[in-house]
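Here is a friendly walk through one protein model. Please have a look at the sequence and the fold before reading on.

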Amino acid sequence: MITVEFFGSEPVYGFHITGHSDVNPDGPEVICAGVSSAAYMTANLITEVIGIQPELTAEDGDMYLKLKTEQEARRCDDVMQGLKLHLSSLAEQYPKYIKVTYSEV
């Protein structure tokens, strides 16, 4: 199962995504690919387009991104809200494979 934890709500300070969907052990992992693509796009928008350098680690089945200040979080909130909406929608469609949770900063 893929677990997604968002830090904060308004603004969102970051996320931690772990795991794999294991929906298709013998072939392409379409759900994992969708989650990974959205997470990498978010990280790239924040670092390369907006120009903020958050705490960021990315390994197989594990991505962590956390903005360091409230000002950074506010500058990136539209991007983070978009990711939250996208992944929450996927979790509604595939509840056996994705779980989204929220925690305070």
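The notes below cover a hairpin, the aromatic pairs, two charged residues, a strand residue and the cysteines.

## A predicted model and its hairpin

Please keep in mind that this is a predicted model. A good place to begin is the hairpin that β3 and β4 form, with two residues between the strands. Strand β3 covers residues 55-59 and strand β4 covers residues 62-66, and the two pair in the antiparallel sense over five bridges.

If you would like to trace the pairing yourself, start at E55, whose bridge partner in β4 is K66. At the turn, look for G61, which has a positive phi of about 75 degrees.

## Two aromatic pairs

How many aromatic pairs does the structure hold? There are two aromatic pairs. One of them joins F6 and Y102: the ring centres are 6.1 Å apart and the planes stand at 20 degrees, so this pair is stacked, the cut-off for stacking being under 30 degrees. F6 belongs to strand β1 (residues 2-7) and Y102 to strand β5, so the pair ties together parts that are 96 residues apart in sequence. F6 is buried, with a relative accessible area of 0%, whereas Y102 is partly exposed at 47%.

F7 and Y64 make a pair as well, with ring centres 5.8 Å apart and planes at 55 degrees, so that pair is tilted. Here F7 sits in strand β1 and Y64 in strand β4, so parts that are 57 residues apart in sequence are tied together. F7 is buried, with a relative accessible area of 8%, while Y64 is partly exposed at 24%. This brings us back to the hairpin, since β4 is the strand that pairs with β3.

## Charged residues in helix α3

Helix α3 spans residues 77-93, and D77 lies in it. D77 is buried yet has no salt bridge. Which side chain of opposite charge is nearest to D77? That is R74, 6.0 Å away, and a salt bridge would need the charged atoms within 4 Å. Leaving aside residues up to four places away in sequence, D77 touches S9, P11 and V12.

K84 is found in helix α3 too. K84 is likewise buried without a salt bridge, and E10, the nearest side chain of opposite charge, is 5.8 Å away. With residues up to four places away in sequence left out, K84 touches F6, S9, V12 and Y102. Two of these names are familiar, as F6 and Y102 form the stacked pair. S9 and V12 also turn up among the contacts of D77.

## T101 in strand β5

Next to Y102 in the sequence comes T101, found in strand β5 (residues 98-103). Is T101 buried or partly exposed? At 31% relative accessibility, T101 counts as partly exposed.

T101 touches V4, E5 and F6, not counting residues up to four places away in sequence. T101 and G8 are 93 residues apart in sequence, and their C-alpha atoms are 10 Å apart in space.

## The cysteines

How many disulfides does the structure hold? The count is zero. C32 is one cysteine to look up: at 10% relative accessibility, C32 counts as buried, because the cut-off is under 20%. C76 is buried as well, with a relative accessible area of 0%.

Key. Residues numbered from 1 in each chain as written. Predicted model: local features only at pLDDT ≥ 70, side-chain atom pairs only at ≥ 80, totals over all residues. Heavy atoms only, no water. Pairing = 2+ DSSP bridges. Helix = DSSP H or I, 4+ residues; strand = E, 2+ residues; numbered from the N terminus. Disulfide = S-S within 2.5 Å. Buried < 20%, exposed > 50% of the residue type's maximum accessible area, 1.4 Å probe, protein only. Contact = heavy atoms within 4.5 Å. Lys, Arg positive; Asp, Glu negative; His and termini not counted. Phe/Tyr/Trp six-rings, centres within 6.5 Å; stacked < 30°, edge-to-face > 60°.
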